[in-house]
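Please open the structure in the viewer and follow the stops below in order. Each stop gives a selection and then describes what is found there.

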Amino acid sequence: MKSIALFGLTGQGIETAGEILSKVIESLGYTHRNWRDFSTIIRGGNTSFEIYIADRFETEPPPRIEEIDLAIVWTDEGVDRYLSRLKDTSMIFGPENVKSIPSEHQGNPPKLGFNVWSLGIICGHLGIPYQLVLTEVEMKFKKGKNTDLFEAGYQLGLTVLSENPMTDLEIENATISGNDALCLGAIAGDVRYYYGYPITPASEILENFSKWLPPLGGGAFQVEDEIAAIHAALGCSYAGKRTFVATSGPGLALMTEGLGYAAATEIPLVLVDNQRGGPSTGMPTKTEQSDLLHLMNAGHGEFARILLTPTSVLDCIVTIQEALNLSEYYQCPVILALDLDLALRKISIPWEKIESAISFVKIDRGPTILESPFEGTYKRFEAVGSSPPFRTVPGVKGGAYVASGDEHDERGLMEPDFKKVRSTLHIRRLNKANSIRFNRPFSTIGDKEAPITIIGTGAMGELIEHFVKNNPDVYQGLLIRQLAPLPKEELTIALKNSKRIVVAEYNAKAQIRSILEPGLKDKEVLSLLRFDGEHYTDKEFSEEILTILNGVTSNLTN
């Protein structure tokens, strides 16, 4: 396994160099995972790019790795950040004016050429064929100075050539982020129209769909704000077309009104919340899992909702498809909660694994009548036994109805006998998702007889999986995917042998633990909390888990 770090300033093209590197490594068939740390300001803040490359023919991407094989930094601050993480402290490169860098590893790159010079060093060190990378560099940048900078960096990198230079593994890999995965899954789930408003870290979804949907006969539309986005999505769903809407904290606040309207009218709606640090504008480029209690209760009044949390990039492909099916069957809001790290994390894995995830779920539109005439008197909001009501779309003969946010009767007519409908229709609406047909409420890893279980979701998933696989006899991992309705019975069974439980989450108030509490009774439950916006490395996570279990106060969580 190899781990590389590149550190510079926002505006220096650090991420562009990282994208080229990732593309080239993907073309050679190596599984890998990228990590980005970027500033909220457009120019001047610090930015980092880290890449963790799996061993040859390994198909599982590594988590974020603590130990770094090679670091290239622009400033002294970069040295401070990475010197202690280097396996070999001499494996650091940078400009001549930066401290603690061996003279033979120094250069004199210009500020706006540092990224290309650094890319050369990395590729030389890894033994990536020179011409393969140069072709990509010259496609992205002007020839001349950039070519010379890449050449100089590459030659410098060759002085520390890896013992195992990279070769072409002849494996077809693809690189996707969590946001990409959501889009791929949604398209497989028959989404052809999307309405959105840009917000970090959900903007990639709108960008992707603007390119991907028109060739499929659909389209993506940037509307004026999040209020318009959610109501446009509701209009699309009302018309019988599948869609979803995505945002982050501040946008979620604006969309809350639309959640209530979806609940009252029972129009299927999937909402994706890519959580970032809050409150208010908060930390737009930092990860957090602090919207969960809001998502459980958002909206005035009381109504049913389903809350799911994907546990990995690949899981995003599957879970969005399941969410679309659930929303149409139960006719209530289905919310997917990601976090910034999972949404923006990029992994490169064999295409066949992505293809398998895409085809995992079959489209199920539930009690939706798209074409056939409705026989008899249609009552849109009347339950069919214990099943949800039939839902028609505009154009179905005999299936017209009023979709009003006002309280209404079974036909959708306003000003009904409130005493009657609140004790019948409203009760049905409240309880229709008390239990759901969902066969993946969580995934378990490791020995089910293990005395200690580590629970988490989202960005924590890769860390829990890595930790448990390295300690298989002592720990079980449980990656929770269904938070509402809580799968209490399934949790109780899965945790029956656990004496101690650690719930790991990125927030200050133990929100996941509080949601899971009914399923954790009679257990010793501990919390691992982090809320500084950073994502754990493998070593940090392992040390923090052991610290919590040993009853010592963590320096990262308090």
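Select Arg 391 to begin; in this predicted model, the residue has a relative accessibility of 1% and therefore counts as buried, the cut-off being under 20%. Arg 391 belongs to strand 17, which covers residues 391–392. Which side chain shares a polar contact of 2.8 Å with the side chain of Arg 391? Display Glu 328, whose side chain is that partner. Next, show the backbone oxygen of Ser 237, which the side chain of Arg 391 reaches at 3.1 Å. Expanding the selection to residues more than four places away in sequence brings up the other neighbours that Arg 391 touches, among them Tyr 238, Glu 266, Gln 331, Arg 365, Tyr 378 and Arg 380. Pro 268, Pro 367, Thr 368 and Ile 369 also belong to this set of contacts.

Move to helix 11, residues 313–330, and select Asn 325 within that helix. Is Asn 325 buried or exposed? Its relative accessibility is 12%, so Asn 325 counts as buried. Beyond four places in sequence, Asn 325 is in contact with Arg 242 and with Val 361, Lys 362, Ile 363 and Asp 364.

The next stop is a sheet. Colour its eight strands in the order 6-5-4-1-3-2-15-7; the sheet is open and its pairing is mixed. Strand 6 and strand 7 form the edges, each pairing on one side only.

Within this sheet, select strand 15, residues 346–350, of which four of the five residues are buried. Strand 2 (residues 32–37) runs antiparallel to strand 15 and is joined to that strand by three bridges. To see this pairing, select Asn 34, which stands opposite Lys 346 of strand 15. How many bridges join strand 7 to strand 15? There are five, and strand 7 (residues 173–177) is likewise antiparallel to strand 15. Two pairs can be displayed here: Asn 173 has Pro 350 as its bridge partner, and Thr 175 stands opposite Ser 348.

Now select helix 3, residues 114–126. All 13 of its 13 residues are buried. The end C-alpha atoms of helix 3 are 18 Å apart, which agrees with the 18 Å that its 13 residues should span at 1.5 Å a residue. Just after helix 3, select Gly 127, where phi is positive at about 75 degrees.

Continue to helix 5, residues 145–158. Its 14 residues reach 20 Å from the first C-alpha to the last, close to the 20 Å expected at 1.5 Å a residue. The buried residues of helix 5 include Leu 149, Phe 150, Tyr 154 and Leu 156, together with Gly 153 and Gly 157. Show helix 3, helix 4 (130–140), strand 5 (92–95) and strand 6 (106–107) alongside, since the buried residues of helix 5 pack against these elements.

Several loops merit a check of their backbone torsions. In the loop between strand 8 (193–196) and helix 7 (203–212), select Pro 201; a cis peptide bond joins Thr 200 to this proline, with omega about 5 degrees. A further cis peptide bond joins Gly 278 and Pro 279, with omega about 0 degrees, and Pro 279 lies in the loop between strand 11 (269–277) and strand 12 (283–287).

Select Ser 100 in the loop between strand 5 and strand 6. Although Ser 100 is not a glycine, its phi is positive, at about 60 degrees. Ser 100 is partly exposed, with a relative accessible area of 47%. Ala 510 also has a positive phi without being a glycine, near 55 degrees, and sits in the loop between strand 22 (500–505) and helix 18 (511–516). Ala 510 counts as buried, because its relative accessibility is 12%.

For an annotated region, select residues 11–96, where an unreviewed UniProt entry places the feature "domain: Pyruvate/ketoisovalerate oxidoreductase catalytic". Over these residues the chain is 24% helix and 26% strand, with the end C-alpha atoms 21 Å apart.

Finally, colour the chain by pLDDT. The average is 96, and 99% of the residues score at least 70. Residues 553–558 stay under 50, and the model has 16 contacts beyond four places in sequence for them. Where pLDDT is low, predicted coordinates should not be read in detail.

Definitions and conventions:
Residues are numbered from 1 along each chain as its sequence is written. This is a predicted model: local features need pLDDT of at least 70, side-chain atom pairs count only at pLDDT 80 or more; totals for chains, interfaces and linings use all residues. Side-chain values use heavy atoms; hydrogens and water are left out. Buried means under 20% relative accessible area, exposed over 50%, partly exposed in between (1.4 Å probe, protein chains only). A polar contact is a pair of N or O atoms within 3.5 Å; within protein, one must be able to donate a hydrogen and the other to accept it, and residues adjacent in sequence count only if both atoms are side-chain atoms. Contact means heavy atoms within 4.5 Å. pLDDT is the predictor's confidence in each residue, from 0 to 100. The expected span of a helix is 1.5 Å times one less than its number of residues. Two strands pair if DSSP finds at least two bridges between them. UniProt positions are given in the numbering used here, feature names are shortened, and annotations may be inferred rather than shown by experiment.
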